[in-house]
2 protein chains.
Amino acid sequence: MTSGRPPRADALRNRARVLEVAHEVFAAEGLSVPIDEIARRAGVGAGTVYRHFPTKDALFTAIVVARIDRISARARSLATAGDPGQAFFDFFAYMVAEGIANKGLGEALAGAGVDVEALAAASDQELQRALADLLTRAQRAGAVRDDVGPREVKALMGGCATMERQLGASAPGRITTITCDGLRPPGARTPPG
Amino acid sequence: MTSGRPPRADALRNRARVLEVAHEVFAAEGLSVPIDEIARRAGVGAGTVYRHFPTKDALFTAIVVARIDRISARARSLATAGDPGQAFFDFFAYMVAEGIANKGLGEALAGAGVDVEALAAASDQELQRALADLLTRAQRAGAVRDDVGPREVKALMGGCATMERQLGASAPGRITTITCDGLRPPGARTPPG
DNA sequence: AACTATACGGAACGCCCGCCCCGGTTGTCG
DNA sequence: CGACAACCGGGGCGGGCGTTCCGTATAGTT
């Protein structure tokens, strides 16, 4: 490996600060914010950002990967929980909430623009696997209709987040409720709760 | 009014050609295509485009308004048709199909970017009204759940189009089927058909 | 304290795109 | 056919943004 010497203290500090600020800004404003803006808010120069992350995509990817890893962990822990149906829909709601709270992540989940898929392929596949596991368990338990796959579910989660955000605070969760009801097998609507 | 003289023949020809080409290109590639590209494909200069349409938004709005008017007409004609539930879901599927076939329209329906809403307010409200009519009829007939409004339905139609496009040809219509099932009142799933 | 590798800041570059402008062309009317 | 107004084309301007470069500052070491 090319580990010549430990990085300087200020370098690590700046790197962490850029990561932190970028996370907040991307979450609040989406991916379209200029790098200069992030640099400014972090109190560094644009060059510093590019030294730590060779490209804007790389910066964004680093953040998203971390986020996705956390989500995957959540999915795995839910997979072993009691009721498979409950676990699946809990995860669905969790993912949508995450997408609403984090605009940049939402855009990524909705497949908009960036080739995060390519760079974060490993991380994303991990999520895909965990989701597939959750889904098949729920399907075997008869809590989710059989004619859907992980790809459809993932798209639906991203879409729900986008739509909920678009509708704003009016009727919160309505879209997600409808979609979840649509995912249940015929004649298996759960009462409110 | 300022109607001094009828426009020249070539002016009308170019205007029509620009409109036609812009429609195709926006439908195929979305709103992000440069004006220069549209001008090139139409065989005119960029200046010509801007003479007929003062702004890119104006060009796009002109196209979308025409499209929305057609859709509204369809909605109104369905409203008087036999089964209200059938009419509602027919329109839902029609709108989604339109959104899939027309990328630019889909982006507009999904509320992405352009302030078409502001410019096309009149036309859009017309659609809103027709949709609301269709919806309440279906709800009164017990074909659609009561806890949704036109805004949610409109968002769902746009979202379905986006998701279907994203998933490509694999599992066509799956997302729309799920969403429509979610829109039905509890315990009222229709068998395949 | 002096020295050097490392890191910093921000000006500068290149590219894209919406929009404007002007010299040349072409339709139209007497 | 000739003249004039309407219209055309495409080069150019301005602003935004991702990325690079280089003179300067500073952390770490002796």
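Superposition of chain A on chain B in this predicted model gives an RMSD of 0.1 Å, with a turn of 180° and a shift of 0.0 Å along the axis; the fit is by least squares on the C-alpha atoms of residues with pLDDT of at least 70 in both copies. The two copies are thus related as by a two-fold rotation axis. The same surface serves both copies, since 100% of the contact residues of chain A recur in chain B, where a contact requires C-beta atoms, placed from the backbone, within 7 Å. Among the residues of chain A, the C-alpha atom of Gly182(A) comes closest to the rotation axis, at 1.8 Å.

Local features need pLDDT of at least 70 and side-chain atom pairs count only at pLDDT 80 or more, while totals for chains, interfaces and linings use all residues. Residues are numbered from 1 along each chain as its sequence is written, and chains are lettered from A in the order in which they are written.

Chain A contains 10 helices and 0 strands, assigned as DSSP runs (helices: H or I, at least four residues; strands: E, at least two). Of the contacts in chain A with a separation of 6 or more, 67% join residues 24 or more positions apart.

Of the 193 residues of chain A, 37% are buried, that is, have 20 or more other C-beta atoms within 10 Å of their own. The largest nonpolar core (buried Ala, Val, Leu, Ile, Met, Phe, Trp, Tyr and Cys residues joined through C-beta atoms within 7 Å) has 93 residues. Those with the most contacts inside this core are Phe88, Leu134 and Met157 of chains A and B. Beyond its neighbours within four places in sequence, Leu134(B) contacts Ala75(B), Leu78(B), Ala79(B), Ala87(B), Phe88(B) and Phe91(B).

Methods: Two residues are in contact if their C-beta atoms, placed from the backbone, lie within 7 Å. A residue is buried if 20 or more other C-beta atoms lie within 10 Å of its own, exposed if 12 or fewer, and partly exposed in between; C-beta atoms are placed from the backbone.
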